[in-house]
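This briefing walks through selected local features of one protein chain, grouped by topic for a reader who works with structures computationally. Please keep the sequence and the model in view while reading.

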Amino acid sequence: FQPSELGKATLVFMLARHFTKRREDVLDYQGGFRNFTTGTLLPLGYIGLFCGLVALEKHLSCIIILGMLGVILMFAAGSRPRYLGIFGGLGVTGVSALALFTDYTKRRILIWQNPAAYPLDGGWQTLQGLMAIGSGGLFGLGLGNSKLKFSYVSEPQNDFIFTIVCEELGFFGAITVLLLFALLVWRGFKIASHAPDKFSALIVYGIVFKTALQAALNIAVVTNSMPNTGISLPFFSSGGTALAIQIFEMGIVLSISRFSRVEK
């Protein structure tokens, strides 16, 4: 069981409940300290609590997801953009400092800058993943015909599964996967915009944003667009807790969609 996966979903519910319960105070921009407390300070406190607990486990990628997810939900709920900009900048500075001055993250940044310099010690997974992506060509080797998943790409069924998708299904297969994620996000936004109440809308926004963030960050990692870190690809990567939570979240979205306000 991976507690951080449950923590992501829990943060969405906590923030949705807070912003629904204190909606008038959050949207009252003339409310002074009360508006600042309910619209910015308390939500940031929730986000900081979750990020702090995950930081103890040295799971930097989850901290990034929790922080970005929380700020996006705050924006969607109506928190003042000026405060979000200030505290968002402080958060980015803090995470950057943590990455640069922590040994295990600092090493990953060095490997990311030049994985070829560490072919057998840290750069192996990235190099083999890029080779798998390139070897797929336009149409791939065929479903199930990957060669690099056998003792070359490390953990091909988990974080680096997208490289195997590229190798087996090629460029067009990879584009299809990206389009499917884009379609899921678009449908999620449509459901949220027609949700019966603000709480339901924020829940859907949070779930959809979380899925989109994880997909984008995972693909950025396997293409070496950002340092290698443990982020699963939603609905593709193997994993008990992550997949169970994702299915649970999609069930909630589908349930809310049954009560959408659609003009006939």
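In this predicted model, Gln-128 makes contact with Leu-148, Tyr-152 and Val-153 once its neighbours within four places in sequence are left aside. Gln-128 belongs to helix H7, which covers residues 124-135, and its relative accessible area of 10% falls under the 20% limit, so the residue counts as buried. The points below turn to the nonpolar cores, the pockets, the aromatic pairs and two backbone angles.

**Nonpolar cores**

- The largest nonpolar core is made up of 36 residues, and those with the most contacts inside it are Phe-19, Leu-66, Ile-203, Val-204 and Ile-256.
- Two or more residues of this core are supplied by each of helix H1 (3-21), H3, H4, H5, H8, H9 and helix H10 (240-257), and the largest share, 8 residues, comes from H4.
- Leu-66, one of the residues with the most contacts inside the largest core, touches Gly-7, Lys-8, Leu-11, Ile-47, Phe-50, Cys-51 and Val-54 when residues up to four places away in sequence are not counted.
- A second core, separate from the largest one, has 22 residues, among them Ile-65, Ile-161, Val-222 and Ile-231.

**The largest pocket**

- The largest pocket holds about 470 Å³ of space, and of the 19 residues that line it, Gly-67, Met-68, Gly-91, Val-92 and Val-95 lie nearest its centre.
- Helix H3 (33-55), helix H4 (60-77) and helix H5 (81-101) are the elements that each give two or more residues to this lining, with H5 providing the largest share, 7 residues.
- By residue class, the lining of the largest pocket consists of 13 nonpolar and 6 polar residues, with no charged residue among them.

**The second largest pocket**

- For the second largest pocket the volume is about 350 Å³, and its lining is formed by 19 residues, of which Leu-60, Ile-64, Ala-99, Ile-109 and Pro-227 lie nearest the centre.
- The elements that give two or more residues to the lining of this second pocket are H4, H5 and helix H6 (103-113), and the largest share, 5 residues, is contributed by H6.
- The lining of the second largest pocket divides into 10 nonpolar, 7 polar and 2 charged residues.

**Aromatic pairs**

- The count of aromatic pairs comes to 8 when ring centres within 6.5 Å are taken as paired.
- In one of these pairs, the ring centres of Phe-189 and Tyr-205 are 5.8 Å apart and the planes stand at 55°, an angle that is neither under 30 nor over 60 degrees, so the pair is classed as tilted.
- This pair links distant parts of the chain, since Phe-189 lies in helix H8 (residues 161-193) and Tyr-205 in helix H9 (residues 198-222), 16 residues apart.
- Phe-189 has a relative accessible area of 30% and is therefore partly exposed, and Tyr-205, at 22% relative accessibility, also counts as partly exposed.
- Tyr-205 also pairs with Phe-209, where the centres are 6.3 Å apart and the planes meet at 25°, which is under 30 degrees, so this pair is stacked.
- Because Tyr-205 and Phe-209 are 4 residues apart in helix H9, about one helical turn separates them.
- Phe-209 is partly exposed, with a relative accessible area of 21%, a value that does not fall under the 20% limit for buried residues.
- Elsewhere in the chain, ring pairs join Phe-36, Tyr-83 and Phe-87 into a cluster.

**Positive phi angles in the loop between H9 and H10**

- Asn-224 has a positive phi, near 60°, in a residue other than glycine, and this residue is found in the loop between H9 and H10.
- With a relative accessibility of 18%, which is under the 20% limit, Asn-224 counts as buried.
- Phe-235 has a positive phi of about 70°, although it is not a glycine, and Phe-235 also lies in the loop between H9 and H10.
- The relative accessible area of Phe-235 is 33%, which lies between the limits of 20% and 50%, so this residue is partly exposed.

How values were computed: Residues are numbered from 1 along each chain as its sequence is written. This is a predicted model: local features need pLDDT of at least 70, side-chain atom pairs count only at pLDDT 80 or more; totals for chains, interfaces and linings use all residues. Side-chain values use heavy atoms; hydrogens and water are left out. On a 1 Å grid over the protein atoms alone, a cavity is a set of points where a 1.4 Å probe fits but cannot get out, and a pocket is an open set with protein on both sides within 12 Å along at least five of seven lines; lining residues have an atom within 4 Å of a point. Grid points are joined across faces, edges and corners, and a volume is the space filled by probe spheres set on the points. Ala, Val, Leu, Ile, Met, Phe, Trp, Tyr, Cys and Pro count as nonpolar, Asp, Glu, Lys and Arg as charged, and the others, Gly among them, as polar. Rings of Phe, Tyr and Trp (its six-membered ring) pair if their centres lie within 6.5 Å; planes under 30 degrees apart count as stacked, over 60 as edge-to-face and the rest as tilted. Buried means under 20% relative accessible area, exposed over 50%, partly exposed in between (1.4 Å probe, protein chains only). Contact means heavy atoms within 4.5 Å. A nonpolar core is a set of buried Ala, Val, Leu, Ile, Met, Phe, Trp, Tyr and Cys residues joined through side-chain atoms within 4.5 Å.
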